[in-house]
Amino acid sequence: MVFSSVPFLFCFLPVVLAVYFAVPKKLKNTVLLLSSLFFYGWGEPKYLLLMLFSITQGYVFGLLIERTREKRRSKIFLTASVAVSLVLLGYCKYADFFIGNFNALTGLSIPLLKVALPIGISFYTFQIISYTIDVYRRDAPAQRNYVNLALYISMFPQLIAGPIVRYSDIAVQLENRTHSLEKAATGIRRFAIGLSKKVLVANVLAELVSAFKQSHEQSVLFFWLYAAACTLQIYFDFSGYSDMAIGLGSIFGFRFSENFNYPYTSSSITEFWRRWHISLGSWFRDYLYIPLGGNRVSKLRWFLNIFIVWFATGIWHGAAWNFVLWGLIYAVLLVIEKLWLLKGLKKLRVLNHVYTMLFVVIGFVIFDADTVGSSFATLKAMFGFGGVPAVSGEAVYYLKSYAVILILAAIGSTQLVRKLCKLVSEKKGGSAVLLVAEPAVVVLLLAVCTAFLVDGSFNPFLYFRF
């Protein structure tokens, strides 16, 4: 079950909301936990056992870490919990990747395990790891209520697509949070925006990406159309799901941190990664980069730390070498910027954005590829070295067909709409206009999204890799 589906919007969510707000405060977490387990088990119930095992080991080791805090055993328990989490993630996500590469290196034919990837395992594994580390560091007390910890890890709004919520950020909210019409209204508005990003923009752009991949009449123009559509689709899909998660969290009384902050307006790769998938970047910073020594070490070790973090970032996204390459390219660019380029980029008011978006587009072409070889072939063709014509009739057709959505998506990825709303609100009577217009727009967006979903529009799910 996904947020952008009729069963979720018109069956699951209304029932959960009705029951959640009907029960007394002491039962709300239980209702939300049971709803989250049902949500996760909707497609493959067997993976519930894996998630519950992961939650239980985190719960037990968290208590053991706190009880032995002054002794050496505390670190042993932390190491054991992190190891269990990583072994489970490694087996489910990377076993066949390692076997395949081992076979390629040795010439052996060890059969693949063909382990199906549980949806969201990368997200909830990182949350369990952050919980046990937070307890070990005394950033948060161990959670003694199993229901509360299980809810933190399995909460359906952020379970399959993030943001990666820190336990230390949400511990107090699990015990005591407030509900109000204002929070609910804010949450509904945010959810509607996220749903619209996914259904009305990302899904439509995905049609163009799919058409390109199925085409036999490719050209340089078509390759660039694909690259632009893919780059915008990934942003609107990921940020749309984050918006829906934050909105749902607000309805249930939670405050989740922002996960995207208009990354396509960045003037450097460094700035881009401060604005893109913020919760993942901060997780790697606080739980891997800083423990490795960060930049408080020799320059050579600092470079190594950056490359380790970005190797991990790449492989976290998927068990394939193109993801590793994607991560390492950003490692190289970030090192170059930190050493030489960053100061110069600040002086280039337009070219810095061109430079940033060029490498972002190249990065997402690699990210979206099936193999490293196919990503190189696409990049060669984009720059006229693929032996394809500059223009084709099919490319012109799709350019005309999708020009409007591409332009609207490009504008929507900037702060232009927000700034226009701010200008309107600052004018006399503007706040009143927005007060009336906002709920009308939200209702209209929800209605249009529903029409698209009922019509059976293309609705791909990008998070199977995670």
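These legends accompany an overview and several close-up views of a predicted model.

**Figure 1. Overview of the helical protein.**
The predicted model contains 19 helices and 0 strands. Its radius of gyration is 23 Å, close to the 23 Å that the globule rule gives for 466 residues, so the protein is as compact as a globular protein of that length. The C-alpha trace spans about 65 × 65 × 50 Å along the principal axes. Of the 466 residues, 51% are buried. Among contacts with a separation of 6 or more, 76% join residues 24 or more positions apart.

**Figure 2. Surface and charge of the whole protein.**
The accessible surface comes to about 22100 Å². Carbon and sulfur atoms supply 68% of that surface. The protein carries 43 positive and 23 negative charges. The mean positions of these two sets are 9 Å apart. A search of the whole structure gives 10 salt bridges; Figures 3 to 5 show some of them.

**Figure 3. Close-up of the Arg190–Glu258 salt bridge and its network.**
Side chains of opposite charge can pair when their charged atoms come close. Arg190 and Glu258 form a salt bridge, with 2.6 Å between the closest N and O atoms. The pair links distant parts of the chain, 68 residues apart. Arg190 sits in helix 9 (residues 181-214). Glu258 sits in the loop between helix 10 (220-251) and helix 11 (269-275). Glu258 is partly exposed, at 39% relative accessibility. Both residues belong to a network of salt bridges that links Arg190, Lys197, Asp243 and Glu258.

**Figure 4. Close-up of the Lys213–Asp368 salt bridge between helix 9 and helix 15.**
Lys213 forms a salt bridge with Asp368. Their closest N and O atoms are 2.9 Å apart. Lys213 belongs to helix 9 and Asp368 to helix 15 (residues 351-368), so the pair ties together parts 155 residues apart in sequence. How exposed or buried are the two partners, Lys213 and Asp368? Lys213 is partly exposed, with 48% relative accessibility. Asp368 is buried, with a relative accessible area of 16%.

**Figure 5. Close-up of helix 12 and its buried residues.**
Helix 12 covers residues 278-289. Its buried residues are Ser279, Leu280, Ser282, Trp283, Phe284, Asp286, Tyr287 and Tyr289. Their cover includes helix 5 (121-136) and helix 13 (299-317). Asp286 also forms a salt bridge with Arg285. The closest N and O atoms of this pair are 2.8 Å apart. Asp286 has 17% relative accessibility; buried means under 20%, so Asp286 counts as buried. Its partner Arg285 is partly exposed, at 42% relative accessibility.

**Figure 6. Close-up of two loop residues with positive phi.**
Arg138 lies in the loop between helix 5 and helix 6 (146-154). Its phi is near 70 degrees, a positive value in a residue other than glycine. Tyr262 lies in the loop between helix 10 and helix 11. Tyr262 is not a glycine either, yet its phi is positive, at about 50 degrees. Is Tyr262 buried or exposed? Tyr262 is buried, with a relative accessible area of 16%.

**Figure 7. Close-up of Met357 in helix 15.**
Met357 is part of helix 15. Which residues does Met357 contact, leaving aside neighbours within four places in sequence? The contacts are Thr231 and Tyr264. Ile170 is 187 residues from Met357 in sequence. Their C-alpha atoms are 34 Å apart in space.

**Figure 8. Close-up of Ala331 in helix 14.**
Ala331 is part of helix 14 (residues 321-346). Ala331 is buried, with 0% relative accessibility. Not counting residues up to four places away in sequence, Ala331 touches Ile306, Phe307 and Trp310. Phe97 is 234 residues from Ala331 in sequence. From C-alpha to C-alpha, Phe97 and Ala331 are 22 Å apart.

Methods: Residues numbered from 1 in each chain as written. Predicted model: local features only at pLDDT ≥ 70, side-chain atom pairs only at ≥ 80, totals over all residues. Heavy atoms only, no water. Helix = DSSP H or I, 4+ residues; strand = E, 2+ residues; numbered from the N terminus. Rg over C-alpha atoms; globule rule 2.2 N^0.38 Å. Buried < 20%, exposed > 50% of the residue type's maximum accessible area, 1.4 Å probe, protein only. Contact = heavy atoms within 4.5 Å. Areas by Shrake-Rupley, 256 points an atom, 1.4 Å probe, with all protein chains shown as cover. Lys, Arg positive; Asp, Glu negative; His and termini not counted. Charge placed at Lys NZ, Arg CZ, Asp CG, Glu CD. Salt bridge = Lys/Arg side-chain N within 4 Å of Asp/Glu carboxyl O.
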